[in-house]
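User: I'm new to reading protein models. Could you help me see how the labels people use follow from the numbers?

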Amino acid sequence: MNLDFQCTKCKIKLNDLFLCPNCSKQYNNSDGFFDFTDNRLSFTYTQERKFSDFLSDINSHGYTKSLETFLKENPRFEHKFMKKEGDIAFGLNHRNHSRCLIINSDLGNIPENLSDIFDEVYSLELDKNRILIQKFRFEEHGIKNTVLFRAHVDSLPFSNNHFDLVVLNGIQISEKSDVSTRTQIINYFKEIKRVLTLNGCLCVGADNKSGIKIPGNEADYYTDNKIYSDNFKNYNSFFTHLGFNVKSCWALPSYNKPHYLGNIEDGVSLKWLFTNFDKFFATNMKIRSLAMFFKLFNKSTCKLIMKFIGPSFIFYCYSKETPQGFEDFIKEKTGFDHYIQASRNNKVMHILLDESGDPKKILSCKRAKYDFTEKIMPIIRKFPKMKDADEKILSEDWFGNDHLDRLNINHVKLALDWLTNFQNNTSSGSLDLHDIEAEVENLKSELDRIEEIHNLPYHKCLDEYKQHVSAIKFKKTAVHGDFQVRNILVNQDNLSVNVIDWSAFMEKGNPLIDFLALAGSMIFQGSDSVEECRSNLRGTGKAVPALKLIKKTMNEYFQADLDFIILLRFRVLKILLRNFKTKRTSTDYFTYVELFRMLSEIN
Ligand SMILES: [Zn+2]
C-alpha cells in the first residue's frame, strides 16, 4: 500500500519516513499505527481497563486465545468482533473501490468488512487500546490493506478529494469544547467533505434523539466525549446546508448493528416491517405492545413513526447526483422496487417486496466487491445437488420468515415428516460397524485438543454411543448436516416446510445426525438459559412434548429402542467441536460445554 498522509499543521505530504518535510514532526510510532493527535484532549473510556487487560493478555497468549477469555468474561462485547455487524456500507458497492475511510472504527467490524471491497481502508479511532486490538485482529485475519491511525476529525491528515467513501460510525463530539455543538458539527462535516472525492459518498450512522431503545443494544459511552444525537429533520438540514443530496435509511436495532436496514421513504417495505415487527424484535413487553400498534399503521404513518422513534438512522450523502449503486442494480435486475437488507453471519440478504407489500423473493449476497455484471442465480435444489451454487448472488422464492415453533407440536410433526421422507428417498447401503467406529475415533481425537473438556468423560460417552448404535441396523441416507430449528421454515398458510442452509450437506451418511440435530435444538435455543435446558432434559421443560414426539418417531422409524441420552451426548459433542472450530469465542460454544457436562451427569 502506498500510504498518503499529510501533516495536519503544514498541510503538505509526509515523506517516506512519515516525517513532515517542513516541521519535521514524526507521525508513525513504535506501536504500529499513525498518530496525528496533539495533546489537546486525552480520551479515556469507560472500558479502558478491560481493553488494556485484554491487550496484555494478547501479548502473552496470542489473539484468538485471549479473545476467547475476554468474551467469556464480557459476553456483551461479542458483536464488536463480528463482521456482520459492520454492514452499514454494504449497499455502497459502487464502481469506485479505491480508498475508504472509517471514522470511529471501534474494534474493527466496518474496516474488516470493507477490506474485501476497497483497495485501501483507513481506520480512524481515537482510543489507543481499540486501535491496538484492531491491529491484532487484522493480523490474525490476514488483512493487509488496512491502515490504523489516530486523528481529530476536524483536522484530517489527508489532501483534498482523497476518499471514495467515508463512513462515520456515530458522531462523536467533545463535551469540553468551547464552541457550540452546532458549530462543532458543521466544522466536523466540512472537514469530512474536504477529503471526499466529488463523486464520493459520506455514510453517516447516527442516533435518533427521540428513538426507542431496542434491548441488547446498550451503547458503551465515552467519558470525555459523547455520541451526538439529534432528530431526523435536523440531521437532514445539516446535510442540505453542506450541499449534500441525502438518502435516508432506518437501521434496526441500530446503525452499528444494522441487522435490518431500509429506505426510510419506502412506505411499502416499512409497512411490511411494522406488520411483522413482533417477529423480529419482540424482546420485551414494551416492544411487544408497541408492535401491536405498529400493525395498524398505514404506509405514510409508518414513515413518520420511523422518523420519530426509530432508534437510529443511516444517511448516505452525495455531493453530486446519487451514482448507480447496489440498490439500483438489484431493482433493475429483479424488477422489484422495494426491499429490506438483512444481515446474516455469512451473507447479506435482500428481501424483495412487490407493490402491494408482499415479499416475493429473497436474495443472498456474498460480502464481496461487485461490478454489476454479476448474474443473479436462482436456487434450484435437486438431490444430490443440494448445496448452493458458488455465485455471488442467489435468488430464492420467499417462503415466509416463520421458523419452526417447538411449542407447536404440529410444526414438529411437519419437520419429522419432511425428514423421514427425505431419508426414505435418499437411503442406500447400510451403515456398518466400520463407519460408526471411524466417526467415533475421529471425533475423539479432535476433541482431545479442547482444553475445557479434558476432565469430562467424553471418551466413555462416545464408547457407549458406539456400542449402542452398533447393535442397531441403519441404512445410510443423505444428511442435511444442520437440521436445527433455525434452518426449518414453516409456511403457516399451506403448512409446508422449507429447509434452508445446506452448507453442511452430505450425500451419504449417518441418518441419526439430522434427527439428533432437531432434538438438540429443541432442548436448547439461543434465548434459553442453561436452567431451561436442564428442565427439558429432566422432563419438565416446555420442549418436552416435542422431544417425546421425536423420540417416538425415531424408535418407530429405526425400529429400535434408542437411548436418547446416549445419542444426545454424541450430538452435543459434535456441535461442541464445530463451534470450537468456527466460533470458539461465542457464548453458544460455552453453553454446549455446559450442556455436555449436564448430559454426562445423567445416568
Ligand atoms: Zn508539518
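Analyst: Happy to help; below, each label is set against its cut-off. Keep in mind that this is a predicted model.

User: How do you know that the overall size agrees with a compact globule?

Analyst: We compare two values. For 603 residues, a compact globule would have a radius of gyration near 25 Å, and the protein chain has 26 Å, so the two agree. If you would like dimensions, the C-alpha atoms fill a box of roughly 85 × 60 × 45 Å along the principal axes. Within the chain there are 19 helices and 22 strands.

User: How much of the chain is buried, and how much of the contact count comes from residues 24 or more positions apart?

Analyst: Buried residues account for 56% of the 603. As for contacts with a separation of 6 or more, 71% of them join residues 24 or more positions apart. On the outside, the protein chain exposes about 26900 Å², with carbon and sulfur atoms supplying 49% of that area.

User: What makes R367 and D87 a salt bridge?

Analyst: The closest N and O atoms of R367 and D87 are 2.6 Å apart. The cut-off is 4 Å between a side-chain nitrogen of Lys or Arg and a carboxyl oxygen of Asp or Glu, so the pair R367 and D87 qualifies. This pair also links distant parts of the chain, 280 residues apart. R367 sits in the loop between strand 15 and strand 16, while D87 sits in the loop between helix 2 and strand 2.

User: Are those two partners buried or exposed?

Analyst: Buried means under 20% relative accessible area. R367 has 12%, so R367 counts as buried. D87 has 0%, so D87 is buried too.

User: Why is D390 called exposed, and what is K366 called?

Analyst: Exposed means over 50%, and D390 has 64% relative accessibility, so the label fits. K366 has 26%, which lies between the two cut-offs, so K366 counts as partly exposed. These two form a salt bridge as well, with their closest N and O atoms 3.1 Å apart. K366 lies in strand 15 and D390 in the loop between strand 16 and strand 17, so the pair ties together parts that are 24 residues apart in sequence.

User: How do you know that K413 and D417 are separated by about one helical turn?

Analyst: They are four residues apart in helix 12, which means a separation of about one helical turn. Their closest N and O atoms are 3.5 Å apart, and the two form a salt bridge. K413 has a relative accessible area of 44%, so K413 is partly exposed. D417 has 40%, so D417 counts as partly exposed.

User: How many salt bridges are there in the whole structure, and which residues are linked in a network?

Analyst: The search finds 39 salt bridges. K80, D106, D127 and R130 are linked in a network of them. Looking at charges across the chain, there are 81 positive and 78 negative ones, and their mean positions are 2 Å apart.

User: Why is T591 called buried?

Analyst: The relative accessible area of T591 is 15%, which is under 20%, so the residue is buried. T591 is found in helix 19. Leaving aside neighbours within four places in sequence, T591 is in contact with F524 and V530.

Conventions:
Residues are numbered from 1 along each chain as its sequence is written. This is a predicted model: local features need pLDDT of at least 70, side-chain atom pairs count only at pLDDT 80 or more; totals for chains, interfaces and linings use all residues. Side-chain values use heavy atoms; hydrogens and water are left out. Helices (H or I, at least four residues) and strands (E, at least two) are DSSP runs, numbered from the N terminus. The radius of gyration is taken over C-alpha atoms; the globule rule is 2.2 Å times the number of residues to the power 0.38. Buried means under 20% relative accessible area, exposed over 50%, partly exposed in between (1.4 Å probe, protein chains only). Contact means heavy atoms within 4.5 Å. Accessible areas come from the Shrake-Rupley method with a 1.4 Å probe; for residues, only the protein chains shown count as cover. Lys and Arg count as positive and Asp and Glu as negative; His and the chain ends are not counted. The place of a charge is taken as NZ of Lys, CZ of Arg, CG of Asp or CD of Glu.
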